[in-house]
Amino acid sequence: MGTKAKNNSDKWLVVVNPNAGSRKGEKDWPKINDLLIHHGFIFESMFTKNRRHAIALTSDMIKKGFRQIIVVGGDGTLNEVVNGIFQQDSCKPDDIIIGLIPVGTGNDWGRTYKFPKKYHEAIKVLKKGHHFTQDVGYVTYHDAEGEHERYFINVSGMGYDALVAQKTNRLKDQGKGNAFSYLLNIFTGLFQYKYAHFCIKADGIEVFNDKVLSMNLGICKYNGGGLMQVPDAIPDDGMLDITIIHAISKFKIIKHVAQLYDGSFIKQKFVDTHRAKECKIVSKPQGKVFLEADGESLGHSPLLFTVKKRALRFIIPQDEDID
């Protein structure tokens, strides 16, 4: 692998999800491996075995001295690596530098930064090493085992958004997920979803108390394979961008789907937007509001969101890298 690193802090940890992109991670790894070697990267590669494995793997390898990480996967793998960084106590989270070679089905985090999808172009971006320090979202949620926490770097969703993510993740687990799956599930899920009553507080002030179709909180702009559900999100402003879609008719949902892709739907009367450093969500009556973060299906309400300003360093393209 060329010149040897003096220690692990000089090496890159490459976290590979073989299941990403309907097993593109496994199929394309030999090509990616060769490209990394060609561009002079000194690295140790490790394959994830199941969901949540990247969290433990990342945490353990940071304890062994790694401070540079490349994710070969999609948004879910990237999210797990981020959570692994925050779970360890060997160094400060912003001592780590994170790069991405996108092989997932959605690759929504990278859309905000116009990250190239071609492997050789993505690796050139990593080689240049242009850093950007962005915000990180943090949410506490619940399930049958009690309260849990999760960090996210892109978008978190509730209500209908969480249902569609859950349906899409089931397809991914069966090796059937692709970029079209999310759009398909938007329509098929209409026959399953029951409107939930959300009580939403932003920075301690009640901003909504009624039935909701869907809700998103964003650090970045995109989710669901290119939907722009939080179009005004700024990744380093220390704020959560909040989009609330009221309980509208199924016909109206279908009518406005195209506007989800350019963000123009937020101008509709049935959409509320807010910005806050903290957001609390409970359901009324004692039902459950389900949650996804960066596309990963989690638990349910009560939910408390906060944001850590400029908490993690990522390698992103510069303007001249974007065609």
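Me: Is Asp 241 buried or exposed?
Reply: Asp 241 has a relative accessible area of 7%. The cut-offs are under 20% for buried, over 50% for exposed, and partly exposed in between (1.4 Å probe, protein chains only). So at 7%, Asp 241 is buried.

Me: What pLDDT do side-chain atom pairs need here?
Reply: Residues are numbered from 1 along each chain as its sequence is written, and side-chain values use heavy atoms, leaving out hydrogens and water. This is a predicted model: totals for chains, interfaces and linings use all residues, local features need pLDDT of at least 70, and side-chain atom pairs count only at pLDDT 80 or more.

Me: Which side chain meets Asp 241 in a salt bridge?
Reply: Side chains of opposite charge can pair when their charged atoms come close. A salt bridge needs a side-chain nitrogen of Lys or Arg within 4 Å of a carboxyl oxygen of Asp or Glu. For Asp 241 the N to O distance is 3.1 Å, and the partner is Arg 275.

Me: Which residues are linked with Arg 275 in a network of salt bridges?
Reply: Arg 275 is partly exposed, with a relative accessible area of 41%. Its network of salt bridges links it with Asp 237 and Asp 241.

Me: How many residues apart are Arg 111 and Asp 108?
Reply: Their side chains meet in a salt bridge at 2.9 Å, N to O. Both lie in helix 4, residues 108–112 (helices are DSSP runs of H or I, at least four residues, and strands of E, at least two, numbered from the N terminus). Arg 111 and Asp 108 are about one turn of the helix apart, or 3 residues.

Me: What is the volume of the largest cavity?
Reply: A cavity is a set of points on a 1 Å grid over the protein atoms alone, where a 1.4 Å probe fits but cannot get out; lining residues have an atom within 4 Å of a point. Grid points join across faces, edges and corners, and the volume is the space filled by probe spheres set on them. The largest cavity is lined by 17 residues, with Tyr 160 and Leu 213 among those nearest its centre. Its volume is about 200 Å³.

Me: Which helix gives the most to the lining of the largest cavity?
Reply: Helix 7 (179–188) and helix 8 (250–256) each supply at least two residues, and so does strand 9 (205–218). The most, 3 residues, come from helix 6.

Me: Which charged residue lines the second largest cavity?
Reply: This cavity has a volume of about 40 Å³. Its lining has 6 nonpolar, no polar and 1 charged residues. Tyr 160 and Ile 253 are among the lining residues, and so is Lys 250.

Note on methods. On a 1 Å grid over the protein atoms alone, a cavity is a set of points where a 1.4 Å probe fits but cannot get out, and a pocket is an open set with protein on both sides within 12 Å along at least five of seven lines; lining residues have an atom within 4 Å of a point. Ala, Val, Leu, Ile, Met, Phe, Trp, Tyr, Cys and Pro count as nonpolar, Asp, Glu, Lys and Arg as charged, and the others, Gly among them, as polar.
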